[in-house]
Amino acid sequence: QESQASGLPEYIKIVEVGPRDGLQNEKVIVPTDIKIELINRLSKTGLPAVEVTSFVSSKWVPQMADHKEVMRGIERHPGVQYPVLTPNLQGFHSAIAAGATEVSVFGAASESFSKMNINCSIEESIEKFEEIAKSARNMNIPVRGYVSCALGCPYEGNVIPAKVAEVSKRLYSMGCYEISLGDTIGVGTPGSMKRMLEAVMKEIPLRALAVHCHDTYGQALANILTAIQMGVAVVDSSVAGLGGCPYAKGATGNVATEDVIYMLNGLGINTGVNLYKVMEAGNFICTALNKKTNSKVAQASFNTGTIN
Amino acid sequence: AFPKRVKVVEVGPRDGLQNEKNVVPTPVKINLINMLSETGLQVIEATSFVSPKWVPQMADHAEVMQGINKLPGISYPVLTPNLKGFQAAVAAGAKEVSIFGAASELFTKKNINCSIEESLERFDEVMTAARAASIPVRGYVSCVLGCPYEGKISAAKVAEVSKKMYSMGCYEISLGDTIGIGTPGSMKEMLTAVMKEVPVGALAVHCHDTYGQALANILVALQMGVSVVDASVAGLGGCPYAQGASGNVATEDLVYMLNGLGIHTGVDLQKLMDTGTFICNALNRRTNSKVSQASCRL
């Protein structure tokens, strides 16, 4: 196996965040039935996990106001996880009532970001998540932990790796089965990715780590490559690269799932995902949003009429 | 371990503009090159001495070559497809030239209407003249990770063509992923084969970003010891084989990555971005550089 010989993981789990992180950062409000259709299409691509929606107050995130309807309306394919965001205990209960079987909590490695984003300190946010983790444990609901600003913060600038490791450890210790390290503003490079992962890997086992890279500075694939060279085997991405960057007007956000899969296919790494079907799902949502795809693979493939 | 220094070869004024639809007026080309000369870049590919019948964008090659400020310490190579072009280039003041080979027979046939062997014979004439005039020659190999006509290209073929061009006297071989189809896997395989025949110090990579893989491919090349990377300011230059798709990797995005890796380039990123802004305004198009997009607070 080519991937084995190169020291890379044989299999990488792709966590599709388009319907949540992607749509949340798109200006146009997407009708509920379109969201459901998108998720249903993604469920048929071989993706093992699709982040469905966010049980956050509709006052803060209007795009996710239909969280209950979406959760109840989607097809649930066997072998596919459908995590949802839950910022607090109330959101958690609401998610469970709507049929959620996995939840995610969002921490940050930056105090300023935590304050600006969810209006509390890192410590206070951890306390809230501990309440969720406790309830989730009682109900056998897995919890995924996100750490934002892992490679830089729009307010604080530089973020030290030790801080990322510390917050990751808190989330892992409270019971999160996986920690997704997010380069929220896409400022990271292979250099900072390596240093950050080295620090975090001292506290968290490799198999519990994921990377969530934004492509705002075009660095995402290089950063992901660095992470998988270090043994990380879970990568978050967004179909068609949905989701701009709220901190840099007009700039891009999430890395495109199609471009990630193209790279992993080229490396001989198994993902279980059908690239063509993902491109079709991307084409569907871009048409619905009346926007061009952010995926270069999709751009190149649809224009030559050939898929490589 | 990464190289401590990387030489960035700026191909925007030639490879970039050549693949832009709008023909750029000569003064704009000259200003672009002059601005690039102020950024710290050491090598700026200025133009191509090819027949204007084939490449109208480069019809003003003599005027551009004669019109630019040639700063000391900066090299301004030009493309020369044959002896005639070479002689015209030297007459116009060129001090370094480039020749373009390919690892694909079909691509060579479609592009310059001859076989790889015949193209190398043509280049031999240029090499002989260049040696006599003490003019360094850079060799390009196209389609190293895939061909728009043949599809897959064997690493052994790339190594064979690279070796021939190096033996002919090219001081550097730039390996081009012409349609951007390569991934870190194929880049590694190709370089492993080429490095058996050409010393890594004489190798460069010229990655296109058509499938978004360029920086990841460049990263792998750096990890293998390659220390010369071609790029195009603002990511100028689309892909002639995929309508609407992008082509060259953006110099700004490359420099951003190298800066983050602590690799010295000597390039001032802000000045580079300003140059990108200038040429995009002149071309009435948006930049292809994500760093530039992100840095511009509208």
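A:Lys13, A:Arg144, A:Glu178 and A:Asp236 are joined to one another in a network of salt bridges. The model in which this network appears is a predicted one, and over all chains the count comes to 23 salt bridges. Side chains of opposite charge can pair when their charged atoms come close. Three individual pairs are set out below, each with its N to O distance.

| Pair | Distance, N to O |
|---|---|
| A:Glu123 and A:Arg170 | 3.1 Å |
| B:Lys290 and A:Asp215 | 2.6 Å |
| B:Asp230 and B:Arg138 | 2.8 Å |

**Pairs within a chain**

In chain A, the salt bridge between A:Glu123 and A:Arg170 has its closest N and O atoms 3.1 Å apart. Because A:Glu123 belongs to helix α7 and A:Arg170 to helix α8 (residues 161-173) of chain A, this pair ties together parts that are 47 residues apart in sequence. With a relative accessible area of 38%, A:Glu123 is partly exposed, and A:Arg170, at 28% relative accessibility, also counts as partly exposed.

Helix α7 of chain A, which spans residues 122-138, is also the place of A:Ser125. A:Ser125 has a relative accessibility of 1% and therefore counts as buried, the limit for that class being under 20%. Leaving aside residues up to four places away in sequence, A:Ser125 touches A:Ser114, A:Ile118 and A:Cys120.

In chain B, the side chains of B:Asp230 and B:Arg138 meet in a salt bridge at 2.8 Å, N to O. B:Asp230 is found in strand β9 (residues 228-231) and B:Arg138 in strand β6 (residues 137-142) of chain B, so that this salt bridge ties together parts that are 92 residues apart in sequence. B:Asp230 counts as buried at 2% relative accessibility, and B:Arg138 is buried with a relative accessible area of 2%.

**The interface of chain B and chain A**

The size of an interface is often given as the accessible area lost when the parts come together. Between chain B and chain A the buried area is about 2,800 Å², and carbon and sulfur atoms give 57% of it. On the side of chain B, the residues that lose the most area to chain A are B:Tyr211, B:Tyr256 and B:Lys290, which together account for 24% of what that side buries. In terms of contacts, 37 residues of chain B are in contact with 38 residues of chain A.

Across this interface the rule finds 10 residue pairs in polar contact, both residues being at pLDDT 80 or more. The side of chain B that touches chain A draws at least two residues from each of α8 (184-194), α9 (214-223), α10 (251-260) and α12 (290-295) of chain B. The residues of that side divide into 17 nonpolar, 14 polar and 6 charged.

The rule also finds 2 salt bridges across the interface of chain B and chain A. B:Lys290 and A:Asp215 meet through their side chains in a salt bridge of 2.6 Å, N to O. This pair crosses between chains, from B:Lys290 in helix α12 of chain B to A:Asp215 in the loop between β7 (209-213) and α10 (220-229) of chain A. Both B:Lys290 and A:Asp215 are buried.

**Annotated spans**

An unreviewed UniProt entry places the feature "domain: Pyruvate carboxyltransferase" at residues 12-279 of chain A. That span of chain A is 41% helix and 13% strand, with its end C-alpha atoms 19 Å apart. For chain B, the UniProt annotation "domain: Pyruvate carboxyltransferase", again from an unreviewed entry, covers residues 6-273. Over residues 6-273 of chain B the chain is 41% helix and 14% strand, and the end C-alpha atoms are 19 Å apart.

Note on methods:
Residues are numbered from 1 along each chain as its sequence is written. Chains are lettered from A and ligands numbered from 1 in the order in which they are written. This is a predicted model: local features need pLDDT of at least 70, side-chain atom pairs count only at pLDDT 80 or more; totals for chains, interfaces and linings use all residues. Side-chain values use heavy atoms; hydrogens and water are left out. Contact means heavy atoms within 4.5 Å. Buried area is the accessible area (1.4 Å probe) that two parts lose on being put together, summed over both. A salt bridge is a side-chain nitrogen of Lys or Arg within 4 Å of a carboxyl oxygen of Asp or Glu. A polar contact is a pair of N or O atoms within 3.5 Å; within protein, one must be able to donate a hydrogen and the other to accept it, and residues adjacent in sequence count only if both atoms are side-chain atoms. Helices (H or I, at least four residues) and strands (E, at least two) are DSSP runs, numbered from the N terminus. Ala, Val, Leu, Ile, Met, Phe, Trp, Tyr, Cys and Pro count as nonpolar, Asp, Glu, Lys and Arg as charged, and the others, Gly among them, as polar. UniProt positions are given in the numbering used here, feature names are shortened, and annotations may be inferred rather than shown by experiment. Buried means under 20% relative accessible area, exposed over 50%, partly exposed in between (1.4 Å probe, protein chains only).
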